[in-house]
Amino acid sequence: MKKISLAVAAVATMVSSSVVSAYADPVDDKLVIDGQEMITRAPAPEGHPFKEVLSGWLFREPETRELEADSFQNSGMLYVERGQEIWNTVEGSKGKSCASCHNDAAESMKGISAHYPKWDADAKRPINIELQIDKCRTQNMGAEAYKFDAPEQKALTTFIKYQSLGAPVKLDLKQGEMQSWWDRGKKEYYTRTGQLNLACASCHEASMGKHIRADHLSQGQANGFPTYRLKQADMVSLHNRLRGCIRDTRAEMPKPFSDELMALEVYVTWRGTGLSVETPAVRQ
Amino acid sequence: MAAKPKPRVKVPKTAKAGETIVIKTLISHKMESGQRKDKEGKIIPRKIINKFTCEFNGEPVFSCDMDPAISANPYFEFRAKVPESGMFKFSWVDDDGSVYTDEQKIEVS
Amino acid sequence: MNLAGILVAASAAAMCGSVAFAAEIAPTDVKFEDYAVNASLTGVAGNAEEGAKVFADRKLGNCLACHENKAMPKQLFQGNVGPSLDGVADRWSPAQLRAIVSDSKKVFGPETVMPGFYSLEVGINVRKDLVGKTVLSAQQVEDVVAYLATLKE
Amino acid sequence: MNLNRRQALALSAGAVAFATTGFTALPANAAAEETAKRITEFAGGKEPGTGKITLTAPEIAENGNTVPISVKVESAMSGDDMVESVLILADGNPNPDVATFNFTAMSGVAEATTRMRLAKTQTVYAVAKMADGSTFVDKKEVKVTIGGCGG
């Protein structure tokens, strides 16, 4: 029985690979933003299913790639500018802005977000930039945490991540219990959800490079988030995108910043180890 | 974005007399088409920037009349022939009558 | 659609609309034998014209998301996650096609990306309003199988 | 079941709502007729000529919400050899109007770029009007991609 099913699978693979040639592979192109070359291909870390990790930028059409390469045309830069205003705006009962403690973000935040999510000893769980902002706001500024995907949250996160533009993604899995969150995230990555019974890996690993209708399936990297998505004509946060993918499998969506999504963020971010932070990336 | 629309403009700082330069502009705006429906199925009213103009020292250089088919965060790229040093003035007119403006100086040698 | 087609579609709709579902096989009772499902899921012959619509509808079969089909040249951007369906009827019998559409994992093994369109062996955390429901109805599967059976080279 | 049948029938009738921009495309013929009418009006009742104007648009638009388009018109930009305006139309949108670019002698070159919304695969037109009243047209078909999952 197993034999026959393998034979069937082999035939299926042969048929599909003859079709693949009609489609474009990830492009051989360099992404240079304001004179700085981004790392869009990097050798995969040990234990990664691929030999090479590839930025989603390589899977996009020329017009979309051009939008990201030109920092003036990139609409995501509007959110970087808005984020800078928020950075310098005093809020909360303690009369502080981000800049009150961190001064010039171009120096204090440079390269920082390439190492997020990181272990938070107080919360005893990994935190991302959005949660780090909320921690600062509630503990140090006497301000309220942002609502998920509030425009200010997206703009400030985009601004802070932009200070790491070009820096290669590298997580420290030795901090706290990061490794066990990575393990959990990996398990989730391969778990099929919803009525359509699909896992992250079904599209972004098993079918990477192929097309779902017109969507050229990338490796599903996180290095460009928050990303300016042409579909929404707006910044899209990583948890928004993860939820969207899960929704599309016809499953219930996990809550933003839930343990489930934080574990997935740790694992998916690790899968992009070595790629440059591209925030604000531009995607379809 | 909830914040007031904010223009970004890219004009070279300097040019030679009579040179044709490239100008790029971008402004944050949803460009609500008047075609979309909200969750209750009601039409969301149209609210777009309907006109963009560029003047140099008070003289018109380029303008654009816009319909709802222009994308959110409208982008324009166009040329200008600069005879002398002076000031570019850019304005965007919103459906609600608001006008957003920006000015950029250029030194011509 | 010609008159005969309309009559077939109307009678199929009438069958589905009525309570007389005696002939319909529940998703959990579908019998897979040698990678085939020999018995019709409904006892009503599939309608290829209806099947073509279910095949292309992005909210129903959405088959073009993953498969190319030259018989639908007006549908742009056909996917290639799965194999091309050109000549699929030359490679598979209707009973095999019924098995693949109903639950491809029973034919290709658990690793296949293809969803089961008439199966309740699905992923975790299924959207609440879809729990216990299949992607397609039994008759829609029969219609799609009838359409696929027309794809000969 | 009934709903599904209805959806299937609605699809066959071509009444596919465009989820992304919320643009509902007009039936192909009505939109194309409206576009032809606008071109004739703009050209003062005459048929526009070809040449002189170049419309650049992607063959495949990765998302119909943001499609970059550029126009360039050959002209001395002085005297009678002067481009006054360029009308942009799209024949598959709910309303064919997209934008009108207005040039002056100070433009130096009649060239402009913007980004537009396309509800579906369709043809985009650019019509230039010269100071002497003559008009020129160029067009490009843009295939607008269809997303895979989510329906």
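Modeller: A salt bridge is a side-chain nitrogen of Lys or Arg within 4 Å of a carboxyl oxygen of Asp or Glu. The model discussed here is predicted: local features need pLDDT of at least 70, side-chain atom pairs count only at pLDDT 80 or more, and totals for chains, interfaces and linings use all residues. Residues are numbered from 1 along each chain as its sequence is written, chains are lettered from A and ligands numbered from 1 in the order in which they are written, and side-chain values use heavy atoms, with hydrogens and water left out.

Biologist: How many salt bridges does the rule find across the interface of chain B and chain D?

Modeller: The rule finds one salt bridge across that interface. The side chains of B:Arg79 and D:Glu111 meet in a salt bridge, with 3.1 Å from N to O. Over all chains, the count comes to 37 salt bridges.

Biologist: How should the size of such an interface be read, and what area do chain B and chain D bury between them?

Modeller: The size of an interface is often given as the accessible area lost when the parts come together. Here buried area is the accessible area (1.4 Å probe) that two parts lose on being put together, summed over both. Chain B and chain D bury about 2400 Å² between them, with 50% of it on carbon and sulfur atoms. In chain B, the residues that lose the most area to chain D are B:Gln35, B:Ala69 and B:Arg79, together 23% of what that side buries. The contact (heavy atoms within 4.5 Å) takes 32 residues from chain B and 28 residues from chain D.

Biologist: Which strands of chain B each supply at least two residues of the side that touches chain D?

Modeller: Helices (H or I, at least four residues) and strands (E, at least two) are DSSP runs, numbered from the N terminus. Chain B has zero helices and eight strands. On the side that touches chain D, at least two residues come from each of β3 (19-27), β4 (49-56), β5 (59-66) and β6 (75-82) of chain B. The most is given by β5(B), with eight residues. That side of chain B divides into 17 nonpolar, six polar and nine charged residues. In this scheme Ala, Val, Leu, Ile, Met, Phe, Trp, Tyr, Cys and Pro count as nonpolar, Asp, Glu, Lys and Arg as charged, and the others, Gly among them, as polar.

Biologist: Turning to helix packing, at what angle do the axes of α8 and α11 of chain A cross?

Modeller: Two packed helices are described by the angle between their axes and the distance between the axes. Axes are lines fitted to C-alpha atoms, for helices over the stretch in contact, and angles run from 0 to 180 degrees between N-to-C directions. The axes of α8 (residues 178-189) and α11 (residues 259-271) of chain A come within 7 Å and cross at roughly 90 degrees. The angle therefore makes α8(A) roughly perpendicular to α11(A); that class covers 65 to 115 degrees, whereas angles under 35 count as roughly parallel, over 145 as roughly antiparallel and the rest as oblique. Among the residues that meet are A:Trp181 and A:Trp182 in α8(A), and A:Tyr267 and A:Trp270 in α11(A). The residues of this contact divide into 11 nonpolar, one polar and six charged.

Biologist: How do the axes of α6 and α7 of chain A cross?

Modeller: The axes of α6 (residues 129-141) and α7 (residues 151-162) of chain A come within 10 Å and cross at roughly 110 degrees. This crossing therefore makes α6(A) roughly perpendicular to α7(A). Residues of α6(A) including A:Ile129 and A:Ile133 meet residues of α7(A) including A:Leu156 and A:Ile160. The contact divides into four nonpolar, two polar and three charged residues.

Biologist: Which peptide bonds are cis, and where does A:Asn103 lie?

Modeller: Most residues other than glycine have a negative phi, and most peptide bonds are trans. The bond from A:Tyr116 to A:Pro117 is cis, with omega near 0 degrees, and A:Pro117 lies in the loop between α5 (105-108) and β5 (118-120) of chain A. The bond from A:Thr279 to A:Pro280 is also cis, with omega near -5 degrees. A:Asn103 lies in the loop between α4 (98-102) and α5 of chain A, and has a positive phi of about 55 degrees although it is not a glycine.
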